[in-house]
Amino acid sequence: MSPSRLLATALLMALGPGAFRSLGAQTIATSGDPAALVVRSAVAGADLDPAVDAGTTYTVTTAAPNQRIVARLDAPLPPGVTITIRCAAPSGAASRGDVTLTSTDQEVVGPIPTIGTYSALAIVYKLSATVKAGAVPTTARSVTMSVAGP
């Protein structure tokens with residue numbers, strides 16, 4: 001596929017009932033679903049412009065110190081397509097920056113040192129595709145975020 005042709009890749013992120021988990025008094029929940037992310041081609045010969053959504057937040061409650069936040073996709077993405085997530089960290093914890101999501105747990109926030117509830121923490125999704133991905137039909141994926149022990 002030539003870089004001058006339109007590449008449209010839509011990824012519908014569903015953060016519904018399976019998007020949060022609780023373990024005892026530990027919970028994590030998102031504020032809702034991000035908008036559909038669509039990657040389109042750029043100027044001929046240039047890289048494709050990624051699609052970015054920064055419209056959702058999460059709230060986490062920890063019942064023990066040094067808990068981590070992990071995230072994963074419900075299924076792999078098509079070849080040539082990647083999505084990253086960047087989560088703001090609660091006070092005293094560390095964001096892992098832009099983390100490429102897969103269908104296995106990926107740490108997105110390092111140990112949260114204290115017990116507590118932390119609200120309205122930003123989530124940024126970035127969908128990228130290579131020209132070699134070709135025209136990808138609309139694809140829906142769910143992201144599951146969880147609180148995990150040390």
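A residue counts as buried when its relative accessible area is under 20%. Keep that cut-off handy for the exercises below, and remember that this is a predicted model.

**Exercise 1. Work out what the protein chain is built from and how far to trust the model.**

Step 1: Start with the elements. The protein chain has 0 helices and 11 strands, so there's just one letter to write when you read along the sequence: β-β-β-β-β-β-β-β-β-β-β.

Step 2: Check the confidence. The average pLDDT is 83, and 80% of the residues score at least 70. Among the elements, strand β8 (residues 99-100) has the highest mean, 98, while strand β1 (residues 9-14) has the lowest, 45.

Step 3: Look at the weak stretch. Over residues 1-23 the pLDDT is below 50, yet this stretch has 86 contacts in the model beyond near neighbours in sequence.

Step 4: See how the chain folds back on itself. Take the contacts with a separation of 6 or more: 77% of them link residues 24 or more positions apart.

**Exercise 2. Decide whether strand β11 is enclosed or open, and find a partner for it.**

Step 1: Count the buried residues. Strand β11 covers residues 139-148, and 8 of its 10 residues are buried.

Step 2: Draw the conclusion. With that count, β11 is largely enclosed by the rest of the structure. For the whole protein chain of 150 residues, 41% count as buried.

Step 3: Find the partner. Strand β6 (residues 67-73) pairs with β11 in the antiparallel sense, over 6 bridges. To spot the pairing, look at Arg 68, which stands opposite Ala 148 in β11.

**Exercise 3. Trace the largest nonpolar core and pick a residue to explore it from.**

Step 1: Recall a rule of thumb. In soluble globular proteins, nonpolar side chains tend to be buried together.

Step 2: Size up the core. The largest one here has 32 residues, and those with the most contacts inside it are Tyr 58, Val 60, Ile 69, Ile 85 and Met 145.

Step 3: See who contributes. Elements giving two or more residues include β5, β6 and β11, but the largest share, 6 residues, comes from β10.

Step 4: Zoom in on Ile 69. Beyond four places in sequence, its contacts include Tyr 58, Val 60, Val 108 and Met 145.

**Exercise 4. Is Thr 61 buried or exposed, and which residues does Thr 61 contact?**

Step 1: Place the residue. Thr 61 is found in strand β5 (residues 51-62).

Step 2: Apply the cut-off. Thr 61 has 18% relative accessibility, so it counts as buried.

Step 3: List the contacts. Leaving aside neighbours within four places in sequence, Thr 61 is in contact with Ala 25, Gln 26, Thr 27, Gly 116 and Thr 117.

Step 4: Look closely at Thr 117. Its side chain makes a polar contact with the side chain of Thr 61, at 3.0 Å. The two residues are 56 residues apart along the chain, but their C-alpha atoms are separated by 4.1 Å.

Methods: Residues are numbered from 1 along each chain as its sequence is written. Side-chain values use heavy atoms; hydrogens and water are left out. Buried means under 20% relative accessible area, exposed over 50%, partly exposed in between (1.4 Å probe, protein chains only). Helices (H or I, at least four residues) and strands (E, at least two) are DSSP runs, numbered from the N terminus. Two strands pair if DSSP finds at least two bridges between them. A polar contact is a pair of N or O atoms within 3.5 Å; within protein, one must be able to donate a hydrogen and the other to accept it, and residues adjacent in sequence count only if both atoms are side-chain atoms. Contact means heavy atoms within 4.5 Å. A nonpolar core is a set of buried Ala, Val, Leu, Ile, Met, Phe, Trp, Tyr and Cys residues joined through side-chain atoms within 4.5 Å. pLDDT is the predictor's confidence in each residue, from 0 to 100.
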